[in-house]
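Here is a short briefing for a first look at this structure. Keep the model open while reading.

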Amino acid sequence: FADTVKNYQEKGIFTGTPIRKSLFNGNANKIRNEYNITNTLPTILFFGGSIGSVAINRAVYSSITELSKKFNVFHIVGKNNINNNITANNYHQLEFVSNIEDYFSIADIVVSRAGANSIFELCALNKPMLLIPLPLAESRGDQIQNANYLKNKNLCMVLKQENLNKTTLLNSIDTLFKNKNIYINNLKKEPNFNGTDKIILEIKKHSK
């Protein structure tokens, strides 16, 4: 974060987050073909980190009838969290994916936890985001800080887990989708999401 460097004065340099090059090579058509998507609905991606999020999963399950009428829904639930009782048209549950860049590519909007690596990857791809950070009771509070940092710059929407339910999720998603172009434009104007080149330059400079 740009604000963090203030704590280190002359010993700190703000570079942005290193982001792997493959992230920018996502193939949306690969996903369309794999799931035989022929409709013209927009796509929403839900994911709660590598182990999934019980809170997000439950909210999606309760909302899936409404969501699947408006979106192609990809829902990464986490290992061993597939719920075979939940089915709907245009809805796809996955435990885990190794080609997340393809799912990012097809997504028009994303609902996610607020881990730093994930959100800066999404920022670098200019993806409109609804962030649901881990609450203080379950974390050290860093995801809340991450989410608020982006929200204060009007780069995402935030929904507290304490307020997460079917109604708030659906309302937040509707608002995000209606305003997605505003968030895309704001993200495009914000520099330094991909810090890979700057980091390499610093390494080279100080290794001479």
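What follows covers the nonpolar cores, a pair of packed helices, and several single residues.

The model is predicted. Its largest nonpolar core holds 32 residues. Another core, of 25 residues, lies apart from it. Helices α2 and α6 pack obliquely against each other.

**The largest nonpolar core**

- In soluble globular proteins, nonpolar side chains tend to be buried together.
- Here the largest such core has 32 residues, and L45, F74, Y103, M129, L131 and L150 touch the most other members.
- Seven elements each supply at least two of its residues: the helices α1 (28-34), α3 (100-106), α4 (116-124) and α5 (142-152), and the strands β1 (43-47), β2 (72-76) and β5 (129-131).
- Helix α4 gives the most to this core, with five residues.
- L45 has many partners: leaving out residues up to four places away in sequence, L45 touches F74, I76, Y103, F104, A107, I109, V110 and V111.
- The other core, of 25 residues, includes F46, L67, I109 and L169.

**Helix α4 and its surroundings**

- The buried residues of α4 are I119, F120, E121, L122, C123 and A124.
- These buried residues pack against the strands β1, β4 (109-112) and β5.
- They also pack against the helices α3, α5 and α7 (180-189).
- Just after α4 comes N126, with a positive phi of about 60 degrees.

**The pair α2 and α6**

- Two packed helices are described by the angle between their axes and the distance between the axes.
- For α2 (residues 54-70) and α6 (residues 166-178), the axes come within 9 Å and cross at roughly 40 degrees.
- The two helices are therefore oblique to each other.
- The crossing of α2 past α6 is right-handed.
- On the α2 side, the contact is made by A59, V60, S62, S63, E66, L67 and K70.
- On the α6 side, the partners are K166, L169, L170, I173 and D174.
- By type, the residues of this contact are six nonpolar, two polar and four charged.
- Two residues of this contact, L67 and L169, are also among the members of the 25-residue core.

**Asparagines with a positive phi**

- Most residues other than glycine have a negative phi, and most peptide bonds are trans.
- N80 is not a glycine, yet has a positive phi of about 65 degrees.
- N80 sits in the loop between β2 and β3 (91-94).
- N80 counts as exposed because its relative accessibility is 63%, and the exposed class is over 50%.
- N154 also has a positive phi, near 60 degrees.
- N154 belongs to the loop between α5 and β6 (157-158).
- N154 counts as partly exposed, at 36% relative accessibility.
- Beyond its neighbours within four places in sequence, N154 is in contact with I182, Y183 and N186.
- N154 and S62 are 92 residues apart in sequence and 28 Å apart in space, C-alpha to C-alpha.

**Other residues in helices**

- Is N146, in helix α5, buried or exposed? N146 is buried, because its relative accessible area is 6% and buried means under 20%.
- N146 touches F1, A114, G115, A116 and I119, with residues up to four places away in sequence not counted.
- I119, one of those partners, is itself among the buried residues of α4.
- R32 lies in helix α1 and is partly exposed, with a relative accessible area of 34%.
- R32 touches I37 and I106, again without counting residues up to four places away in sequence.
- R32 and D102 are 70 residues apart in sequence, and their C-alpha atoms are 9.9 Å apart in space.
- N185 is placed in helix α7 and counts as partly exposed, at 40% relative accessibility.
- N185 and L155 are 30 residues apart in sequence, and 9.1 Å separates them in space, C-alpha to C-alpha.

Definitions and conventions. Residues are numbered from 1 along each chain as its sequence is written. This is a predicted model: local features need pLDDT of at least 70, side-chain atom pairs count only at pLDDT 80 or more; totals for chains, interfaces and linings use all residues. Side-chain values use heavy atoms; hydrogens and water are left out. Axes are lines fitted to C-alpha atoms, for helices over the stretch in contact, and angles run from 0 to 180 degrees between N-to-C directions. Helices (H or I, at least four residues) and strands (E, at least two) are DSSP runs, numbered from the N terminus. Angles under 35 degrees count as roughly parallel, over 145 as roughly antiparallel, 65 to 115 as roughly perpendicular and the rest as oblique. A crossing is left-handed if the near helix is turned anticlockwise from the far one by less than a right angle, and right-handed if clockwise. Contact means heavy atoms within 4.5 Å. Ala, Val, Leu, Ile, Met, Phe, Trp, Tyr, Cys and Pro count as nonpolar, Asp, Glu, Lys and Arg as charged, and the others, Gly among them, as polar. A nonpolar core is a set of buried Ala, Val, Leu, Ile, Met, Phe, Trp, Tyr and Cys residues joined through side-chain atoms within 4.5 Å. Buried means under 20% relative accessible area, exposed over 50%, partly exposed in between (1.4 Å probe, protein chains only).
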